[in-house]
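This report describes side-chain pairing, cysteines and surface patches in a single protein model. The structure is shown first, and the description follows.

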Amino acid sequence: MEVIQVDLESEIHREATIALGNFDGIHKGHQSLITGVVHMAHELHCPSSVLMFTTHTKNMTDGISQELLTSRSQKHDILRSLGIDIIYEIDFTDEIMHMSPEAFVTKFLLNHLKAKGIVVGYDYRFGYKASGTTSTLKKLCEANGIALSVKEAVTYGGEIVSSTRIREAVKEGDVVLAQSLLMRPFTIRGTVVAGKQLGRTIGIPTANILYDVHYVIPKFGVYLTGVTVDGRFYYGATNIGTNPTFSEQEIKVETYIYDYHGDSLYGKTMDVALLEFIRPEVAFKDVDELKDRMNDDLEDIRVKISKQDFTNK
């Protein structure tokens with residue numbers, strides 16, 4: 001898979017089918033688009049691609065810092081696994097935001113990116129002030145000889161699958177629902193850094209990860225997790241929160257990794273997949289009470305792991 005940085009002046013010299021959208025999470029609905037664009041590429045005998053903005057469009061259109069379900073590198077990994085040939089990445093600039101729907105399709109997608117086919121979702125909007133709809137896109141594609149596929153909404157449990165719905169599930173600690181909608185666990189990717197080593201002082205060493213992505217923050221508490229580091233999988237017990245026993249304010253993601261006997265983890269990239277919510281965060285009266293509860297948590301989770309008795313298997 002290739003990752004190609006483009007702008008409005010880029011000249012791509014090969015045709016491709018292109019899926020359009022924000023793709024945060026690349027959830028069950030998004031995967032319908034990805035499957036569609038790969039299938040269209042096979043039919044049209046050209047590469048499949050995705051056009052993604054380097055930042056979420058709401059960061060500019062709504063003036064907010066959108067809480068994210070996936071980092072850039074996670075998106076790349078998922079799209080590669082789904083068979084995408086090319087990722088086109090572009091900055092969402094003021095110039096793009098003010099482009100008319102006609103200019104976006106004819107000047108950029110057709111003339112610059114050589115779009116042979118386009119795949120979008122049922123609610124796709126584009127162009128200045130989101131004035132372009134799927135009906136607009138259909139007319140423009142027909143006029144310019146571009147194949148078009150508009151995918152219907154994907155539902156789960158009687159409701160439409162959306163990134164917003166998944167964010168709410170994660171915030172509520174409902175990682176089971178989040179996994180069903182994402183078709184994989186919600187996962188935080190970060191670099192292992194040195195913390196205050198409080199866990200080590202009470203005989204329960206944890207790996208503290210630093211992440212540079214504005215992830216949606218899960219409900220504070222303890223989770224049974226799946227940990228991937230150096231290409232190997234382990235189970236873990238992860239606490240997400242501010243460590244109120246010590247009156248701290250910074251949100252931390254700290255993981256005890258079961259049966260890890262390798263070298264130091266500092267500086268390594270680690271994925272922490274939330275498999276099941278165990279209990280909410282609690283402020284303990286002292287370190288001894290905290291240690292007792294942590295040991296109880298670790299034993300309860302180990303039993304779950306040994307019996308494979310947890311919800312998100």
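In this predicted model, arginine 80 and aspartate 77 are joined through their side chains by a salt bridge, with an N to O distance of 3.2 Å. The two residues are separated by about one helical turn because they stand 3 residues apart in helix H3 (residues 72-81). Arginine 80 is partly exposed at 44% relative accessibility, and aspartate 77 is likewise partly exposed, its relative accessible area being 34%.

A second pair is found in helix H7 (residues 163-171), where lysine 171 and glutamate 168 lie 3 residues apart, about one turn of the helix. Their closest N and O atoms are 3.9 Å apart, and the pair forms a salt bridge. Lysine 171 has a relative accessible area of 35% and is partly exposed; glutamate 168, with 36%, is partly exposed too.

A third salt bridge links the side chains of aspartate 259 and arginine 302, at 3.7 Å from N to O. Aspartate 259 belongs to the loop between strand S13 (252-257) and strand S14 (269-280), whereas arginine 302 is in helix H10, so this contact ties together parts that are 43 residues apart in sequence. Arginine 302 is partly exposed, at 33% relative accessibility.

The three pairs are listed below.

| Salt bridge | N to O distance |
|---|---|
| Arginine 80 and aspartate 77 | 3.2 Å |
| Lysine 171 and glutamate 168 | 3.9 Å |
| Aspartate 259 and arginine 302 | 3.7 Å |

Salt bridges with shared partners also connect Asp77, Arg80, Arg189 and Asp271 into one network. The structure holds 16 salt bridges.

The cysteines are considered next. The count of disulfides is 0. For cysteine 46, the nearest cysteine sulfur is that of cysteine 141, 14 Å away, and cysteine 46 takes part in no disulfide. Why is the sulfur of cysteine 141 without a bond to that of cysteine 46? The two sulfurs are 14 Å apart, too far for a bond, since a disulfide requires sulfur atoms within 2.5 Å. Cysteine 46 is buried, with a relative accessible area of 14%, and cysteine 141 is buried at 1% relative accessibility.

Two surface patches complete the description. Tyr122, Val150 and Ile160 make a nonpolar surface patch of about 230 Å². Tyrosine 122 is located in the loop between strand S5 (115-121) and helix H6 (134-144), and is partly exposed with a relative accessible area of 36%. A negative surface patch consists of Asp286, Asp288, Glu289, Asp292, Asp296, Glu299 and Asp300; of these, aspartate 292 is placed in helix H10 (residues 287-307).

Definitions and conventions:
Residues are numbered from 1 along each chain as its sequence is written. This is a predicted model: local features need pLDDT of at least 70, side-chain atom pairs count only at pLDDT 80 or more; totals for chains, interfaces and linings use all residues. Side-chain values use heavy atoms; hydrogens and water are left out. Buried means under 20% relative accessible area, exposed over 50%, partly exposed in between (1.4 Å probe, protein chains only). Patches are made of residues with over 30% relative accessible area and no salt bridge: like charges are joined within 9 Å, nonpolar side chains (Val, Leu, Ile, Met, Phe, Trp, Tyr) within 5 Å. Accessible areas come from the Shrake-Rupley method with a 1.4 Å probe; for residues, only the protein chains shown count as cover. A salt bridge is a side-chain nitrogen of Lys or Arg within 4 Å of a carboxyl oxygen of Asp or Glu. Helices (H or I, at least four residues) and strands (E, at least two) are DSSP runs, numbered from the N terminus. Lys and Arg count as positive and Asp and Glu as negative; His and the chain ends are not counted. The place of a charge is taken as NZ of Lys, CZ of Arg, CG of Asp or CD of Glu.
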